[in-house]
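Biologist: Please take a single part of this model and look at it closely, residue by residue where that helps. Afterwards, set that part against other places in the chain, and say which terms you rely on as you go.

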Amino acid sequence: MLMRDDKNDRARFELARAMYQDGQGEGALEMLDKILSRKPPEGVKRSVVMLKAAIEKARNRWTFSGSATMSILYDDNVNVGPDTDKIRIAPITFGPLIIDTMSLGESSRPVDSIGTAGALALSSIYDIGGPGNWQVTGDGSFYANVMGADEAKRSVFGQASTGLRNFEPRSMLNAPVWIANIQSDGKSLMTMFGTTPSYLYVYGARGEWRFTTTGNFDLRRYVSSKDRNSTFVSLDESVQFSCNEDFTMQVGLTAAHEFTKAEQYEYTSGAATLGGTYQLSDGASIYSRLKYSRSSYEEKESLMLEDRVDSQLVA
């Protein structure tokens, strides 16, 4: 068609868009510049400028982003102490004497504390394929909190990761590998390294359904307690539904197991999550989430009468 009518800018625009989608960005830009040189109508010019901006943005293969946050924390049981001065234990016999309770000192009772926390996150993406194809990702994050006025009561978490990401029209595959370290009270507590692959699929005429499957496999190595060294595996499935342009609901289920050498640390856990997000007109959003989790340990602690089961409800 262009050979018959060199002034057919509509055909030239469609050809430029097809070339861009085929990875021929330079040729597409030449087509668009030729359209602009003819001083087209304002509506045509706007479409050409928008497509040209998208092509030029795609030519820059690097993308960088980052965030920083500060927060205030309150914990009504920072030392995870029992709310009682006596606990029942498995009976211990000394001749005629049987001990089945243990008295706790005041230092073992729950202690509340106010603290501060800060987080920093940086990420980079390098596009190694055509528009929206394969990418190499790199991420780093740092988190620290201090509870009370004692600087020694400090927790620090740092993580770095890299991996591959693939985009398709209705799906995304992400396959990162990572390493992390946790410090407590100024000393290294543990180092973790593993992989967390995920797959996102979008369904529906408006893309209103989003299904995400996430797996996790990591090795955990403790500095001072070798019996706690473990392998952790988990599987998470979440579904997100956009009710309209402003309100989105999300539900999720998680199953996990931590394999350890010492069975009193080995556990199986499950969690269920329900959440919602409402987008306000000024660009801000309101987010709420309810999460219930339950962990069951393989072996009770030596002095405990019952098997250890931990339940938690977070809103």
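Modeller: Two residues are in contact here when they have heavy atoms within 4.5 Å of each other. The model is predicted, and what follows is a reading of its computed geometry. As a frame for the close look, the protein chain has 3 helices and 15 strands, and 26% of its 315 residues count as buried. About 20700 Å² of the protein chain is exposed, with carbon and sulfur atoms supplying 57% of that area. Among the contacts between residues at least 6 apart in sequence, 47% join residues that are at least 24 apart.

The part I have chosen is the pairing of helix α1 with helix α2. Two packed helices are described by the angle between their axes and the distance between the axes. Here helix α1, residues 9-21, and helix α2, residues 25-37, have axes that come within 8 Å and cross at roughly 160 degrees. Because that angle lies over the 145 degrees that serves as the cut-off, α1 is roughly antiparallel to α2. The crossing of the two helices is left-handed.

The contact itself can be read from both sides. Helix α1 contributes Asp9, Arg12, Phe13, Leu15, Ala16, Met19 and Tyr20, and these meet Gly25, Gly27, Ala28, Met31, Leu32, Lys34 and Ile35 of α2. By character, the residues of this contact comprise 9 nonpolar, 2 polar and 3 charged.

One of the α1 residues in that contact, Met19, repays a closer look. Its relative accessible area is 15%, which is under the 20% limit, so Met19 counts as buried. When neighbours within four places in sequence are left aside, Met19 is in contact with Gln24, Gly25, Gly27, Ala28 and Met31. Although Met19 and Met31 are 12 residues apart along the chain, their C-alpha atoms are separated by 9.5 Å.

Following the chain onward from the helix pair, one comes to Lys39, which is placed in the loop between α2 and α3, the latter spanning residues 42-59. Most residues other than glycine have a negative phi, and most peptide bonds are trans. Against that background, Lys39 has a positive phi, near 55 degrees. Lys39 counts as exposed because its relative accessibility of 70% is over the 50% threshold. A positive phi of about 55 degrees is also found at Asp185, again not a glycine, and Asp185 lies in the loop between β7, residues 171-184, and β8, residues 187-195. In terms of cover, Asp185 is partly exposed, with a relative accessible area of 46%.

For places away from the helix pair, the strands offer two residues to set beside Met19. Leu73 is found in strand β1, residues 62-75, and is partly exposed at a relative accessible area of 25%. Beyond its neighbours within four places in sequence, Leu73 is in contact with Ser113, Ile114, Gly115, Thr116, Ala117, Tyr143, Asn145 and Met147. Leu73 and Val146 are 73 residues apart along the chain, yet 9.0 Å separates their C-alpha atoms. Asn174, in strand β7, is buried, with a relative accessible area of 15%. With residues up to four places away in sequence not counted, Asn174 touches Leu164, Arg165, Thr196, Pro197 and Ser198.

A last residue comes from a loop. Val223 lies between β10, residues 209-222, and β11, residues 230-242, and is partly exposed at 47% relative accessible area. Its contacts, apart from residues up to four places away in sequence, are with Ser188, Leu189 and Met190. Val223 and Ser188 stand 35 residues apart in sequence, while their C-alpha atoms are 6.9 Å apart in space.

To return to the part chosen, the helix pair is thus described by axes that come within 8 Å and by a left-handed crossing, with buried Met19 among the α1 residues that meet α2.

Notes
Residues are numbered from 1 along each chain as its sequence is written. This is a predicted model: local features need pLDDT of at least 70, side-chain atom pairs count only at pLDDT 80 or more; totals for chains, interfaces and linings use all residues. Side-chain values use heavy atoms; hydrogens and water are left out. Axes are lines fitted to C-alpha atoms, for helices over the stretch in contact, and angles run from 0 to 180 degrees between N-to-C directions. Helices (H or I, at least four residues) and strands (E, at least two) are DSSP runs, numbered from the N terminus. Angles under 35 degrees count as roughly parallel, over 145 as roughly antiparallel, 65 to 115 as roughly perpendicular and the rest as oblique. A crossing is left-handed if the near helix is turned anticlockwise from the far one by less than a right angle, and right-handed if clockwise. Ala, Val, Leu, Ile, Met, Phe, Trp, Tyr, Cys and Pro count as nonpolar, Asp, Glu, Lys and Arg as charged, and the others, Gly among them, as polar. Buried means under 20% relative accessible area, exposed over 50%, partly exposed in between (1.4 Å probe, protein chains only). Accessible areas come from the Shrake-Rupley method with a 1.4 Å probe; for residues, only the protein chains shown count as cover.
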